[in-house]
Amino acid sequence: MSSPASSLVALAKTLPQPLQRFLARYPPASILPAGTDAAAAKTGYQQDRPNPFLYYKHPVTGKWNDPVYSLRRQAELVKMAREHGVEELLPEGPKATVNTLGKRVEHGLRVRGTGVGQKVKGHAFERQLYNKIAKRREAMLAMPKLITEWKKDKTPTLISMSLPTYYEILGISKAMLSNNDNPAHILKRAYRRALLQNHPDKAAATFPSSSTPTTPTTLFTIDQISTAYKHLSTPSLKAAYDKALLLRPPSHHDPCVSGIGQLARKGSFQTAETVDLDDLAFDETAAKWFRGCRCGNERGFLFGEEDLEEAADDVGELLVGCQDCSLWLKVFFTVVEEEE
């Protein structure tokens with residue numbers, strides 16, 4: 001019949017590797033063979049630190065040293081030993097099951113930060129969680145009132161007659177967007193062209209310094225161009241804006257008048273070339289006149305009959321901007337009135 005010591009040694013060989021290494025370094029006296037001197041059988045680890053789970057005061061210097069095994073590693077070893085039923089082979093430590101249960105009995109099952117006079121000593125989100133929940137609750141309670149105030153006034157804001165419309169800022173007409181199958185593409189090109197035309201460096205090259213007060217130059221800021229593009233590219237904002245345009249006086253509210261036409265009347269742009277309408281190519285499929293630009297776009301200057309109708313009140317001149325650059329083309333045409 002095998003001795004208890006030999007059975008314990010056989011059991012130790014079936015334990016996980018961390019437990020085997022620990023018991024090899026710090027073997028308990030209960031697993032030593034009978035008649036063995038415990039003091040003489042101590043390993044080098046045990047001679048340096050009798051209990052690796054506790055603080056140790058150096059006998060020479062008198063300084064306290066930390067335990068060899070941290071609390072986390074102690075808890076892991078105790079858990080493995082408890083699962084395999086050999087916890088009694090481990091030395092005494094703060095993570096032993098007896099000490100853990102004793103603390104629970106002494107203090108009870110407390111939740112951190114919920115007791116009287118207790119403070120949460122943890123992460124920032126734990127300390128700020130209560131205030132965040134309180135603010136969120138106040139915001140949700142005030143949400144119906146906020147929605148009511150937001151829906152209170154559905155009437156579009158009147159647009160000042162002295163301000164340019166978003167169509168004028170981008171240099172397009174309302175009919176151009178309505179009659180096109182891809183208005184988003186038209187808006188993107190108009191947005192890019194407006195940025196180029198109103199760039200300070202481009203404007204200095206386009207508008208000569210000899211401009212007189214009778215022919216003022218009209219430049220738009222980046223904020224104006226971005227706001228115009230945002231409103232005209234968003235269906236809901238565009239619908240509200242078009243409705244607001246209808247509230248303007250008839251002499252100013254026409255949203256179909258593009259910025260090109262109005263700026264051409266002021267003489268604000270210096271064109272790169274002047275041509276006659278008969279000299280331009282005509283696309284019968286799209287019902288558009290076009291001409292190539294020196295920037296490389298074969299249809300850089302593109303306009304239709306609706307653009308000619310907008311400029312019909314002038315002296316037969318239409319100013320067309322390139323879709324990809326800041327160049328302009330002045331087109332001369334003759335308005336023929338139909339006989340009744």
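Here is a short briefing on the cores, the strand pairing and one helix pair of this structure. The model is predicted, so local features need pLDDT of at least 70 and side-chain atom pairs count only at pLDDT 80 or more, while totals for chains, interfaces and linings use all residues. Residues are numbered from 1 along each chain as its sequence is written, and side-chain values use heavy atoms, leaving out hydrogens and water.

**Nonpolar cores**
- The largest nonpolar core (buried Ala, Val, Leu, Ile, Met, Phe, Trp, Tyr and Cys residues joined through side-chain atoms within 4.5 Å; buried means under 20% relative accessible area with a 1.4 Å probe, protein chains only) has 17 residues, and Tyr167, Leu170, Ile172 and Leu232 have the most contacts inside it.
- Two or more of its residues come from each of helices H8 (166-170), H9 (174-178), H10 (183-197), H12 (222-233) and H13 (235-245); helices are DSSP runs of H or I with at least four residues, numbered from the N terminus.
- A second, separate core of 16 residues includes Leu277, Phe301, Cys322 and Val331.

**Strands**
- Strands E4 (residues 281-283) and E5 (residues 288-291) pair in the antiparallel sense over three bridges; strands are DSSP runs of E with at least two residues, and pairing needs at least two DSSP bridges.
- Four residues lie between E4 and E5 in their hairpin, where alanine 287 takes a positive phi near 55 degrees.
- E5 also pairs with strand E6 (residues 301-304), in the antiparallel sense over four bridges, and lysine 288 has glycine 304 in E6 as its bridge partner.

**Helices H10 and H12**
- H10 and H12 pack at an angle of about 175 degrees with axes 10 Å apart; axes are lines fitted to C-alpha atoms over the stretch in contact, and angles run from 0 to 180 degrees between N-to-C directions.
- The two helices, H10 and H12, are therefore roughly antiparallel (over 145 degrees).

Methods. Buried < 20%, exposed > 50% of the residue type's maximum accessible area, 1.4 Å probe, protein only. Parallel < 35°, antiparallel > 145°, perpendicular 65-115°, else oblique.
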